[in-house]
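Trainee: I would like to learn how to read a protein structure. Please take me through the features one at a time.

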Amino acid sequence: AVVSTQSGHYGRGLKGNFSEAFVNWMHIKALRLFTESVLRYGLPATFMTAMLEPNRKSEKKLRDKLGVLYGSLDRNAGDNQEQMGDIPGVFVSGDYFPYVYFDVNTSFVEAAQDF
C-alpha cells in the first residue's frame, strides 16, 4: 500500500517535471534554429520556420526537394565539410544540409503518456 501511494505521488511529480523539461527543450531548439538561420545563412530576423515529420519512405525525397529549394542560401553547400574547418557544435550529427535541420526524437513522449 505504501509503495503504490509513493508511486502515485512520484508519478504525478514526474509528469509535471517532464512537461516543463520538454517545453524548455523545445525552446532551446527554437533558439538554436533562430541563431543558425541568422548566422549561417544570413536570413533577416523575420523569417518563417516549419516543423516537418515525413514518412520514412518519403524522407529522402523531401530532403532532396528541400536541398533544391534552399541550396542557394548556403554559399558553402558544394564544399566538403573538412574544407570548411572544424566548427565545434555545428556538425554534431555528421550530416550537413543547406537548411537548418534538427532531428527531434519524441518516442519518449508516447512512453510518458502511458505512464
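Mentor: Start with charged pairs: a salt bridge is a side-chain nitrogen of Lys or Arg within 4 Å of a carboxyl oxygen of Asp or Glu. One such bridge joins Glu36 to Arg32, with the closest N and O atoms 3.0 Å apart. This is a predicted model, in which local features need pLDDT of at least 70 and side-chain atom pairs count only at pLDDT 80 or more, while totals for chains, interfaces and linings use all residues. Residues are numbered from 1 along each chain as its sequence is written, and side-chain values use heavy atoms, with hydrogens and water left out.

Trainee: How many salt bridges does the rule give?

Mentor: The count comes to 5. Another of them joins Arg40 to Glu36, with the closest N and O atoms 2.6 Å apart. Arg32, Glu36 and Arg40 are thus linked in a network of salt bridges.

Trainee: How far apart in helix 1 are Glu36 and Arg32?

Mentor: Helices are DSSP runs of H or I with at least four residues, strands are runs of E with at least two, and both are numbered from the N terminus. Glu36 and Arg32 are 4 residues apart in helix 1, so about one helical turn separates them. Arg40 and Glu36 also lie 4 residues apart in helix 1, about one turn of the helix.

Trainee: Is Glu36 buried or exposed?

Mentor: Buried means under 20% relative accessible area, exposed over 50%, and partly exposed in between (1.4 Å probe, protein chains only). Glu36 is buried at 14%. Its two partners are partly exposed: Arg32 has a relative accessible area of 30%, and Arg40 has 21%.

Trainee: Which residue forms a salt bridge with Glu59?

Mentor: The partner is Arg56, and the closest N and O atoms are 3.7 Å apart. Glu59 is partly exposed at 22%, whereas Arg56 is exposed at 76%.

Trainee: What is the nearest side chain of opposite charge to Lys29, and how far away is it?

Mentor: For charge, Lys and Arg count as positive and Asp and Glu as negative; His and the chain ends are not counted. Lys29 lies in helix 1 (residues 2–41). This residue is buried yet has no salt bridge, and the nearest side chain of opposite charge, Asp103, is 8.2 Å away. Contact is a separate matter, meaning heavy atoms within 4.5 Å. Lys29 touches Phe102, Asp103 and Val104, leaving aside residues up to four places away in sequence.

Trainee: What does Ser37 touch?

Mentor: Ser37 is found in helix 1 and is buried at 4% relative accessibility. With residues up to four places away not counted, Ser37 touches Gly42, Leu43, Phe47 and Val100. The side chain of Ser37 also reaches the backbone oxygen of Leu33 at 2.7 Å.

Trainee: How many helices and strands does the protein chain have?

Mentor: There are 4 helices and 0 strands, in the pattern α-α-α-α along the sequence. Of the 115 residues, 12% count as buried. Among contacts between residues at least 6 apart in sequence, 67% join residues at least 24 apart.

Trainee: Which element has the lowest mean pLDDT?

Mentor: pLDDT is the predictor's confidence in each residue, from 0 to 100. Helix 3 (residues 81–84) has the lowest mean, 49, and helix 2 (residues 59–70) the highest, 89. The protein chain averages 75, and 73% of the residues score at least 70. Where pLDDT is low, the predicted coordinates should not be read in detail.

Note on methods: Polar contact = N/O pair within 3.5 Å; in protein donor to acceptor, adjacent residues only side chain to side chain.
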